[in-house]
Amino acid sequence: MGSILFRHVNLSDGRNGVDVLIDGDRIAAIGPGLAAPEGAELVQGDGLLLAPPFVDAHFHLDATLSYGLPRVNQSGTLLEGIALWGELKPQLAQEALVERALQYCDWAVARGLLAIRSHVDVCDERLLAVEALLHVRQKVRPYLDLQLVAFPQDGLLRSPKALANLKRALDLGVDVVGGIPHFERTMAEGAESVRLLCELAAERGLPVDMHCDESDDPLSRHIETLAFHTQRLGMQGRVTGSHLTSMHSMDNYYASKLIPLIAEAQVHAVANPLINITLQGRHDSYPKRRGMTRVPELMAAGVNVGFGHDCVMDPWYALGSADMLEVAQMGLHVAQMTSQAQMRACFDAVTVNSARILGLADYGIEVGRPADMVLLQASSPVEAIRLRATRLMVVRRGAVLSRTPPAIAHVQLPGRPETVDWALQRAAPPTRASR
Ligand code: FE2
């Protein structure tokens, strides 16, 4: 491993036109006009965006790329997806599951997505998916940070052996305690599951990340209970509420009480824009609710909000390609976050905010930190979202893991330029970003 010097790049935190020097596996220097060490690879950035890697705060690697197995979800609802996953589970073979997960990780790396928090279903006596994903976590460790959440898909209390299986999964080395309170039989059992799981996590010193209130029912208020136990057990900053879609449908007065409680407990929030917009509101005629949680309001209250992809080609969602810029773009549209600051916040939701949720130490482009970064064919975070920009180079610990040629169309139009790259203004074409 040698050194790489990026010349004249823009960073996603607003530092523009700087050089970034990688020496070995670390960032050695950031500043204007850095000298190139002997033998360094020189990358002429010409104002391209050099960003820290994308981070997916919420995914299901055990189900990914299984679309159509054993059949497709006809209604498109969350509940049919869960039923379909139940049909598929007994048929899962470990080898095939590992292979699908590894293939998804290949896609992720090529998209500059180098950290994923994946829920893994523990409601299977064999713990087949748990064992498979522990193996995958080990296998991808050199190039991707995979964090696993013990997820009782069929309900901690509703499914007879879920609690015992969840504990077994944690004993095997799963990193985070999961839950699904809105899927328990009653509101009371949902609240009880939140208490049990938070206490279990506190005992074991583990973080919590629950599927919480993934429902259009405005009375699904388990996030309130999650914030309460987070504070009671002193787990501030280590607990995440995923989905929180019922907040979309809640009464505004109640939301005005709830959001400060979430902020006070320092509970992180995760929205899954692609999935929320397709799964929620399915019982509505018109008007149809969007279902996504109140992202700008949570952010304004100081809550750390990340975006997750949640699903790619599985029982719940037929599309996707590990592109966190697609996720950010959908989040931006659904939440109507169209000011410059809000669009940048959507970029943060798939990078730095999600890194905080995963608790990634040493994340970000700073001197002395690990040399993990993505060179994008865009000049700013907003342009990266607009173009779902090509990941020209993906670097991890100083090693180039992936290169993609710039997206440039060669056109033949009378009196017009010969190429189109969809950039409004740029000092030089992105072709110069190559070696
Ligand atoms: Fe999920």
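Helix axes that meet at angles under 35 degrees count as roughly parallel. Keep that cut-off in mind for the helices on this tour of a predicted model.

**Stop 1: helices H5 and H6**

Select residues 187-204 for helix H5, then add residues 222-232 for helix H6. The axes of H5 and H6 come within 9 Å and cross at roughly 30°, so the two helices are roughly parallel to each other. Turn the view until one helix lies in front of the other, and you will be looking at a right-handed crossing of H5 and H6.

Now show the side chains. On the H5 side, the contacts come from Met-187, Gly-190, Ala-191, Val-194, Arg-195, Cys-198 and Glu-199. Their partners in H6 are His-222, Thr-225, Leu-226, His-229 and Arg-232.

**Stop 2: from H6 to H8**

Keep H6 on screen and bring in helix H8, residues 252-264. The axes of H6 and H8 come within 9 Å, with a crossing angle of roughly 30°. That makes H6 roughly parallel to H8. Which hand does the crossing of H6 and H8 have? This one is left-handed.

For the contacts here, pick Ile-223, Glu-224, Ala-227 and Gln-231 in H6. They meet a set of H8 residues made up of Tyr-254, Lys-257, Leu-258, Leu-261, Ile-262 and Glu-264.

**Stop 3: the iron ion**

Next, centre on the iron ion and select His-58, His-60, His-211 and Asp-310. Each histidine donates through NE2 and the aspartate through OD, at 2.1 to 2.5 Å from the iron ion. What is the arrangement of the donor atoms? The angles subtended by the 4 donor atoms run from 85 to 176°, which makes the arrangement irregular.

Along the sequence, the donor residues follow the spacing H-x1-H-x150-H-x98-D. Colour strand S6 (residues 54-59), which holds His-58, and strand S10 (residues 208-212), which holds His-211; the pair therefore ties together parts that are 153 residues apart in sequence.

Are these two histidines buried or exposed? His-58 has 0% relative accessibility, so it counts as buried. His-211 is at 3% and counts as buried too.

**Stop 4: Val-352 and Ala-51**

Finish by selecting helix H13, residues 352-358, where Val-352 is found. Val-352 is partly exposed, at a relative accessible area of 36%. Add Ala-51 and draw a distance between the two C-alpha atoms: they are separated by 9.9 Å, although Val-352 and Ala-51 are 301 residues apart along the chain.

Technical notes:
Residues are numbered from 1 along each chain as its sequence is written. This is a predicted model: local features need pLDDT of at least 70, side-chain atom pairs count only at pLDDT 80 or more; totals for chains, interfaces and linings use all residues. Side-chain values use heavy atoms; hydrogens and water are left out. Donors are N, O and S atoms within 2.8 Å of the metal (3.2 Å for Na, K and Ca); water is not among the atoms, so sites may look incomplete. Four donors count as tetrahedral if all angles lie between 85 and 135 degrees; four count as square planar and six as octahedral if opposite donors are over 155 degrees apart and all others between 65 and 115; anything else is irregular. Helices (H or I, at least four residues) and strands (E, at least two) are DSSP runs, numbered from the N terminus. Buried means under 20% relative accessible area, exposed over 50%, partly exposed in between (1.4 Å probe, protein chains only). Axes are lines fitted to C-alpha atoms, for helices over the stretch in contact, and angles run from 0 to 180 degrees between N-to-C directions. Angles under 35 degrees count as roughly parallel, over 145 as roughly antiparallel, 65 to 115 as roughly perpendicular and the rest as oblique. A crossing is left-handed if the near helix is turned anticlockwise from the far one by less than a right angle, and right-handed if clockwise. Contact means heavy atoms within 4.5 Å.
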